[in-house]
Amino acid sequence: VSPGTAYGLGVGPGDPELITLKALKLLQRCPVIAYPAPETGDSLARRIVASHLAGRRPIEYAIRMPMEAARFPAEAVYDRAAAELGAHLAAGRDVAVLCQGDPFFYGSFMYLFARLATRFTVTVVPGVSSLTACAAMLHWPLASRDDVLSVIPATLPEADLAARLAAIDAAAIIKLGRHLPKVRRVLAALGLADKARYIERATLPEQAIRPLDAVADDAAPYFATVLVHRRGGAVVP
Ligand SMILES: C[S@@+](CC[C@H](N)C(=O)[O-])C[C@H]1O[C@@H](n2cnc3c(N)ncnc32)[C@H](O)[C@@H]1O
């Protein structure tokens, strides 16, 4: 048999309608789907496509891994997933790997890609990223003119975060979760607190937009982002 193709499918930030036609068509014809999931609990990527899989029964494989950045990359998890999915591909079955947002924007799919692309045909289908989805939901254009847009993981040590944010025109701070208090301290110290906007679970039914100082220290989920613009907005002269 000729080997199957692996697809890294960007499924968008949360709203099931924010999936591309290309990803949707591939999703609905691949006999095997795989998706990252926390060690316990549901996969956001799987949830996003649930309505698109109604009446279909693909073979499913949850790639369970810790969501904590410090423990990335979980080599053994990806080795095992690559072996399992590789067996499907070798048997001629196409595999769709669901990627929340875009596969290559901080997506864990890249670790699987690195393992599969040496042996199989892999197609990466870009998706609507949370970066642009958060901007749209917040009515907060990301950057204009000569602005440099920085993407900064909140997981950085406080001093690094401060050094990075001190130099920004515009920034997206991702991977918030328990790092929110640290991010708030740094933004306040730099005089950027009132130029920042907070959003969690953008485009999902549970989406919440709150003033940054209204979120309790331990209340930010992992799927939360802060956008900052030094001028107080990309359209501010
Ligand atoms: C590992 S990155 C993956 C990003 C994803 N590949 C993408 O293109 O959006 C995860 C981070 O993206 C941000 N994020 C993803 N989805 C989000 C959403 N629906 N709302 C707000 N932030 C989100 C959060 O900061 C989260 O910690």
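**Close-up views of a predicted model**

**View 1. The ligand and the polar atoms beside it.** In this predicted model, an oxygen atom of the ligand has a backbone N or O atom of Asp-102 at a distance of 2.8 Å. A nitrogen atom of the ligand lies 2.8 Å from an N or O atom that belongs to the side chain of Thr-225, and a polar backbone atom of Pro-13 is found 3.2 Å from a nitrogen atom of the ligand.

**View 2. The residues around the ligand.** Which residues come nearest to the ligand? Of the 17 residues around the ligand, those that come nearest are Gln-100, Asp-102, Ser-130, Tyr-222 and Ala-224. Asp-102, named here among the nearest, is also the residue whose backbone N or O atom lies 2.8 Å from an oxygen atom of the ligand.

**View 3. Helix H3 against helix H4.** Helix H3, which covers residues 75–90, packs with helix H4, which covers residues 109–116, at an angle of about 55 degrees and with the two axes 9 Å apart. That angle makes H3 oblique to H4, and the crossing of the two helices is right-handed. On the H3 side the contact involves Glu-75, Tyr-78, Asp-79, Ala-81, Ala-82, Leu-85, Gly-86 and Leu-89, which meet Tyr-111, Leu-112, Arg-115 and Leu-116 of H4. Sorted by class, this contact of H3 with H4 contains 8 nonpolar residues, 1 polar residue and 3 charged residues.

**View 4. Helix H6 against helix H7.** The axes of helix H6 (residues 158–166) and helix H7 (residues 180–189) come within 10 Å of each other and cross at roughly 45 degrees, which means that H6 is oblique to H7. H6 passes H7 in a crossing that is right-handed. Glu-158, Leu-161, Ala-162 and Leu-165 of H6 make the contact with Lys-182, Val-183, Arg-185, Val-186 and Leu-187 of H7, and by class the contact of H6 with H7 has 6 nonpolar residues and 3 charged residues, with no polar residues.

Conventions
Residues numbered from 1 in each chain as written. Predicted model: local features only at pLDDT ≥ 70, side-chain atom pairs only at ≥ 80, totals over all residues. Heavy atoms only, no water. Axes fitted to C-alpha atoms, helices over the stretch in contact; angles between N-to-C directions. Helix = DSSP H or I, 4+ residues; strand = E, 2+ residues; numbered from the N terminus. Parallel < 35°, antiparallel > 145°, perpendicular 65-115°, else oblique. Left-handed = near helix turned anticlockwise from the far one by under 90°. Contact = heavy atoms within 4.5 Å. Nonpolar A, V, L, I, M, F, W, Y, C, P; charged D, E, K, R; others polar. Near = heavy atom within 4 Å. Polar contact = N/O pair within 3.5 Å; in protein donor to acceptor, adjacent residues only side chain to side chain.
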